[in-house]
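Q: I am new to this structure and would love a close look at one part of it. Could you start with the strands and then walk me through a couple of side chains?

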Amino acid sequence: MNMQPQGSVQAPPAPSTLEGMRLPMVMMRDIVIKTMFRRNTETVTDLARAICLPVAVTQELVDLCRDQLLVEATGSMSASSSGEMGYQLTDNGRARALDALAQSEYFGPMPVPMEVYAEQVKRQSVRDIQLTRDRLEHAMGHLILPPDLIANLGPAISSGRSILMYGPPGNGKSSISNGIRDALGDRIFVPRAVEYSGQVITVYDPIVHAAAEEQHDDPTQLRRAADRYDTRYVRCERPTVITGGELSLDMLDLTYNPVARTYQAPLQLKATGGVFIVDDLGRQAEPPQALINRWIVPLEENKDILALQSGEKFEVPFDTLVIFSTNFHPNEIFDQAALRRIFFKIKIDGPSQENFLKIFALVAKKKKMPLSEAALRHLLKNKYPTIGNVFANYQPVFLIDQMIAICEFEGIPYQMSPQLIDRAWSNMFLRDEAITR
């Protein structure tokens, strides 16, 4: 099945003039001379590639720096760039570059103004994805799910609203979350950095963002690939940020680097246009109610509030599918006001006996473990009744891996038997017994 999106994301247009950049002129000038100083670039083409701007706009910036006696032409053509004119910093330019670096170590890609980035967020909103049943079933194809689960998940994902998945542990809530991510399928544009009030906030993170294959320009082409969209952005898969018990409230705030004097975007801003998964809700140091309270404004108003070191607060777009996953019943960890703010609540139960056997057979086939009717009969008639016939999705993998480990240790071919089932079961469940000290 074709997993391409039904519609393509509109790319951010490349700036065509210096005025169209909508950035402070001093900031742009300083980033240019800092980049020339740090990268030792000599030509406009190399500089344009370093600051991620079109050559024409970069030339305007170089001309501005020349007018201010910060940059000068070397008077010779650069041997490494097809005879292109070379440029270098003047003594004044080097002095200004050092002063600018003392104020902020940031150089390289020109940041995108926050209001310009907000426009791009609307063009690639996660709420505009047209998700079909076929597409979601394809993404979940490796999972055995109850028939009504896809019907419940589909509208929740398509709405782009928050989702709470709850139920007993070991039943695939994390796998379902990953399947939702895969179902999104298309690509968006993530800024390398954004600017607010003269401050630089880095957004693109190679750990979070999976960059698509980049197009390389052919200088002989009349229309270059880099001119088709603003290369201050990186074309990426829709991002997925997964957090668990380590999540704390300060991870949702800007991180200030006092050495570089720049900010790093918080997790939810990096997840813009994609999915933010809060796994194991209820296992964090902060109580679940406090975490939900932090999300109230973003979830209701599609905007978040962040603060600079100075204390100045400002709005950033919030366009993220937030998925909360917990093993607790929602009434145990939230009040009713908090639950109202989570738009979809979906219970993930353990499989039926029929689905359990399907999962068991699939796992056995994948791991090359022959099925044994006698072993399965023993498992269903003698073992599961001791735990009230409560099945979980993780159990087939656990039991088969245990039997494989035993077979490999004993030096025998992979096999399952009632005896091996007993040994595997003893590691999955422990009897309650006193320990003599």
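In what order do the five strands of the open sheet follow one another?

A: Happy to help! Please keep in mind that this is a predicted model, in which local features need pLDDT of at least 70, side-chain atom pairs count only at pLDDT 80 or more, and totals for chains, interfaces and linings use all residues. Residues are numbered from 1 along each chain as its sequence is written, and side-chain values use heavy atoms, leaving out hydrogens and water.

The order is E3-E6-E7-E11-E10, and the pairing in this open sheet is mixed. (Strands, E, of at least two residues, and helices, H or I, of at least four, are DSSP runs numbered from the N terminus; two strands pair if DSSP finds at least two bridges between them.) At the edges sit strand E3, residues 112–113, and strand E10, residues 255–257, and each of them pairs on one side only. Look at the E3 edge: two bridges connect E3 with strand E6, residues 193–196, and these strands run parallel. Within that pair, Val 112 has Val 194 of E6 as its bridge partner.

Now for the side chains, beginning with Ser 162. You will find Ser 162 in the loop that leads from helix H7 (147–159) to strand E4 (163–166). Ser 162 counts as buried because its relative accessible area is 5%, where buried means under 20%, for a 1.4 Å probe and protein chains only. A polar atom of the Ser 162 side chain lies 3.1 Å from the backbone nitrogen of Phe 343. Leaving aside residues up to four places away in sequence, Ser 162 touches Leu 299, Val 322, Arg 341, Ile 342, Phe 343 and Phe 344 (touching, or contact, means heavy atoms within 4.5 Å). Phe 343 therefore appears in both descriptions of Ser 162: its backbone nitrogen faces the side chain's polar atom at 3.1 Å, and Phe 343 is on the list of touched residues.

Gln 395 is the other side chain to visit, and Gln 395 belongs to helix H15, residues 395–410. Gln 395 is buried too, with a relative accessible area of 2%. A polar atom of its side chain lies 3.0 Å from the backbone nitrogen of Ala 392. Again not counting residues up to four places away in sequence, Gln 395 touches Phe 356, Tyr 384, Val 390, Met 428 and Phe 429.

Technical notes. Buried means under 20% relative accessible area, exposed over 50%, partly exposed in between (1.4 Å probe, protein chains only). A polar contact is a pair of N or O atoms within 3.5 Å; within protein, one must be able to donate a hydrogen and the other to accept it, and residues adjacent in sequence count only if both atoms are side-chain atoms.
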